[in-house]
Amino acid sequence: MTWLWKYLFNYRLHALIKKEFAEIRHDRKMMISLVFPPVVQLMLLGFALSAAVSNVRLGVVDDSRTPEAVS
C-alpha cells in the first residue's frame with residue numbers, strides 16, 4: 001500500500017509542479033513578479049550585510065547576587 005501511496009503522491013505532485021510552471025511561463029507579468037523581487041532582495045541584502053562585527057559595546061548584567069557572580 002505504501003508504494004501505491006508514494007507513486008500517486010509523486011505523480012500528483014509532479015503534475016501540479018508542471019502545471020504551475022506552464023502557467024508562469026505563459027504569463028509574462030507573473031514571471032517578472034516572481035523572479036525580479038527575489039533577485040533585487042538578494043542583491044541589496046548581499047551588499048548591505050557583512051559578517052564583520054566592529055565597535056560593539058558589550059555589557060553583562062547578573063542579578064543573582066551570588067558569590068560566584070562577583071568573582
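This section describes the overall form, the surface and selected residues of a predicted model.

The secondary structure of the protein consists of 3 helices and 0 strands. Read from the N terminus, the order of elements is α-α-α. The radius of gyration of the protein is 26 Å, whereas a compact globule of 71 residues would have a value near 11 Å. The C-alpha trace extends over about 65 × 45 × 15 Å along its principal axes.

Burial and surface composition were considered next. Of the 71 residues, 1% count as buried. The accessible surface of the protein amounts to about 7600 Å², and carbon and sulfur atoms account for 67% of this area. With regard to charge, the protein carries 9 positive and 6 negative side chains. The centres of these two sets are 17 Å apart.

Helix α2 comprises residues 28-48. Arg 28 is located in this helix. Its relative accessible area is 60%, and Arg 28 is therefore classed as exposed, since the class begins over 50%. Between the C-alpha atoms of Arg 28 and Val 40 the separation is 18 Å, and the two residues are 12 positions apart along the chain. Phe 47 also belongs to helix α2. This residue has a relative accessibility of 73% and so counts as exposed.

Phe 47 also contributes to a nonpolar patch on the surface. The other members of the patch are Met 30, Leu 34, Val 35, Val 39 and Met 43. Together, the six side chains make a patch of about 600 Å².

The loop between α2 and α3 was examined for backbone geometry. Helix α3 covers residues 67-70. Asn 55 lies in the loop that precedes α3 and follows α2. Although Asn 55 is not a glycine, its phi is positive, at about 55 degrees. The relative accessible area of Asn 55 is 81%, so the residue is exposed. Arg 65 is found in the loop between α2 and α3 as well. Phi of Arg 65 is likewise positive, near 55 degrees, in a residue other than glycine. Arg 65 counts as exposed because its relative accessibility is 73%, the cut-off for this class being over 50%.

Note on methods
Residues are numbered from 1 along each chain as its sequence is written. This is a predicted model: local features need pLDDT of at least 70, side-chain atom pairs count only at pLDDT 80 or more; totals for chains, interfaces and linings use all residues. Side-chain values use heavy atoms; hydrogens and water are left out. Patches are made of residues with over 30% relative accessible area and no salt bridge: like charges are joined within 9 Å, nonpolar side chains (Val, Leu, Ile, Met, Phe, Trp, Tyr) within 5 Å. Accessible areas come from the Shrake-Rupley method with a 1.4 Å probe; for residues, only the protein chains shown count as cover. A salt bridge is a side-chain nitrogen of Lys or Arg within 4 Å of a carboxyl oxygen of Asp or Glu. Helices (H or I, at least four residues) and strands (E, at least two) are DSSP runs, numbered from the N terminus. Buried means under 20% relative accessible area, exposed over 50%, partly exposed in between (1.4 Å probe, protein chains only). The radius of gyration is taken over C-alpha atoms; the globule rule is 2.2 Å times the number of residues to the power 0.38. Lys and Arg count as positive and Asp and Glu as negative; His and the chain ends are not counted. The place of a charge is taken as NZ of Lys, CZ of Arg, CG of Asp or CD of Glu.
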